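Thanks for coming. I have one structure to go through today, so let me put it on the screen.

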Amino acid sequence: MDNKDFADRLKRLEDRLGAATAARVERVSPGRSKYTQSSLAWRMVIELVVGMALGLGIGLGLDALVGTRPLFLVVFALLGFAAGVRTMMRTASEVRQGRAEGALARTSPNDEAARGRNGD
Amino acid sequence: MAVDGEIEGGGINIHPMDQFMLEPLFGEGPVHWYTLTNATLWMALTVIAASLLMVVGARGRALIPSRAQSAAEMTYGFTRKMVADVAGREGLKYFPYILTLFLFILFANLLALIPASFAPTSHIAVTGILALAVFVSVTAIGFAKHGLGFLKLFWVSSAPTVALRIVLAVIELISYFVRPLSHSVRLAGNMMAGHAVFKVFAGFAGALGVGAILPILGIVAIYGLEVMVAVIQAYVFAILTCVYLNDALHPGH
């Protein structure tokens, strides 16, 4: 009986704590969320460009070694582009799952509160 | 190098990139690898500032912390939680390294906001070394933990044919190298852009006379933004390190 009472009290405390935490979710200032979103966009662009540049560099290097000027350049430019897209898509999936840096760009406080409640 | 923004009549003479020049601290002459430069000075100040906060500030170990102690404890707790969230409990073993990285970049970025200071993190040579260190250590951890099994990270076993898997392995390998590069380009680019914009606005203020109030207000606004950029970029660098660490600890996607 006592145990049940105690569990009930604990449950009520949990509920109150949950409600209080949900109410206290800080509103992310619009300036910050805009900055983090544009920062993510820049990250994707940089990844795309760096991938392409890396592919071109590898292609040129291999060509200089083997002496087949356009062959590896073309092949690795395409592979580098694909690698850039691959990295970018990975970043995009981070954003979608709200993981790592993507969590920063999540803005809506309702979202956060809902996730907090579901997590319990 | 220095971008000359000379406009006729107004007498505007802006050199936004001059602030990134490496200069010897003592005397003149060429900069060798052992020359003490302004970059050396500001990196040393960064290390001193970070140590002051974490070692001296947290030394009291009071139950009711002083301001410095609670700032140090919050930084510690925040970073630790980030490592645990992103890289899991196994990643906590590498928490000291990530906290060091975070503090170094954070203080380098913030100290660079002091007028007439020097921003080491705006140099890709500095951020490149930081990212390279992360890259090498994460790769080493991956191989140490999983041996050759770490290479499974590059082998997409869900692809139907072997030929396709080889092509995908090359793509994955390149994309593995893209990450540290973009990591370093991003930090350096963010810092350099912000500081160059300060100089451009300051150049306008110098040429406008009474109208200088507008660019000065602009500088105030950008300064606020730059404080945010300094903190967020340090955070992003640390959190990406955690993401790579997580990939190395659990290579099976």
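I will take the two chains in outline, then the helix packing inside chain B, and finish with the contact between the chains.

One thing up front: this is a predicted model. Please keep that in mind throughout.

Start with chain B. Chain B has six helices and zero strands, so there is no sheet to discuss, and the order along the sequence is simply α-α-α-α-α-α. Taken along the principal axes, its C-alpha atoms fill a box of roughly 70 × 55 × 40 Å. Of the 253 residues in chain B, 30% are buried. If you take the contacts in this chain between residues at least 6 apart in sequence, 61% of them join residues at least 24 apart.

Now chain A, in outline. Chain A has five helices and zero strands, in the pattern α-α-α-α-α. It has 120 residues, and 22% of them are buried. For contacts counted in the same way, between residues at least 6 apart, 64% join residues at least 24 apart.

The rest of the detail is in chain B. Let me begin with H3(B), residues 95-111. How far should its 17 residues span at 1.5 Å a residue? The expected figure is 24 Å, and the end C-alpha atoms of H3(B) are 24 Å apart, so the two agree. The buried residues of H3(B) include B:Ile98, B:Leu99 and B:Phe102. Further along the helix, B:Leu103, B:Phe104, B:Ile105, B:Leu106, B:Phe107 and B:Ala108 are also among the buried ones, as are B:Asn109 and B:Leu111. What covers them? The cover for the buried residues of H3(B) includes H1 (38-57), H2, H5 and H6 of chain B.

One of those neighbours is H2(B), residues 67-91. A word on how such pairs are described: for two packed helices one gives the angle between the axes and the distance between the axes. For H2(B) and H3(B), the axes come within 10 Å and cross at roughly 125 degrees. The two helices are therefore oblique to each other, and H2(B) passes H3(B) in a right-handed crossing. On the H2(B) side the contact residues are B:Tyr76, B:Thr79, B:Arg80 and B:Val83. They meet B:Phe95, B:Ile98, B:Leu99 and B:Phe102 of H3(B). By class, this contact has six nonpolar residues, one polar and one charged.

Next is H4(B), residues 124-146. H4(B) has 23 residues and reaches 32 Å from its first C-alpha to its last, close to the 33 Å expected at 1.5 Å a residue. Its buried residues are B:Val126, B:Thr127, B:Leu130, B:Ala131, B:Val134, B:Val138 and B:Gly142. The cover for these includes H3, H5 and H6 of chain B. After the helix comes B:Gly147, with a positive phi, near 60 degrees.

In the loop between H4 and H5 of chain B sits B:Ser157. Is B:Ser157 buried or exposed? B:Ser157 has 9 other C-beta atoms within 10 Å, and a residue with 12 or fewer counts as exposed, so B:Ser157 is exposed. From B:Ser157 to B:Phe102 the separation is 55 residues in sequence and 36 Å in space, C-alpha to C-alpha.

That brings us to H5(B) and H6(B). Their axes come within 10 Å and cross at roughly 170 degrees. An angle over 145 degrees counts as roughly antiparallel, and that is therefore how H5(B) and H6(B) run relative to each other. On H5(B) the contact residues include B:Arg179, B:His183, B:Leu187, B:Phe198, B:Phe201 and B:Leu208. On H6(B) they include B:Pro215, B:Ile219, B:Glu226, B:Gln233, B:Phe237 and B:Tyr244. By class, the contact of H5(B) with H6(B) divides into 16 nonpolar, five polar and two charged residues.

Last, the contact between the chains. It takes 18 residues from chain B and 21 residues from chain A. Which elements of chain B give two or more residues to the side that touches chain A? They are H5 (162-208) and H6 (213-249) of chain B. H5(B) gives the most, with 11 residues. The chain B side of the contact divides into 14 nonpolar, two polar and two charged residues.

That is all I have on this one.

Definitions and conventions. Residues numbered from 1 in each chain as written. Chains lettered and ligands numbered in written order. Predicted model: local features only at pLDDT ≥ 70, side-chain atom pairs only at ≥ 80, totals over all residues. Contact = placed C-beta atoms within 7 Å. Helix = DSSP H or I, 4+ residues; strand = E, 2+ residues; numbered from the N terminus. Nonpolar A, V, L, I, M, F, W, Y, C, P; charged D, E, K, R; others polar. Buried ≥ 20, exposed ≤ 12 C-beta atoms within 10 Å, placed from the backbone. Expected span 1.5 Å × (residues − 1). Axes fitted to C-alpha atoms, helices over the stretch in contact; angles between N-to-C directions. Parallel < 35°, antiparallel > 145°, perpendicular 65-115°, else oblique. Left-handed = near helix turned anticlockwise from the far one by under 90°.
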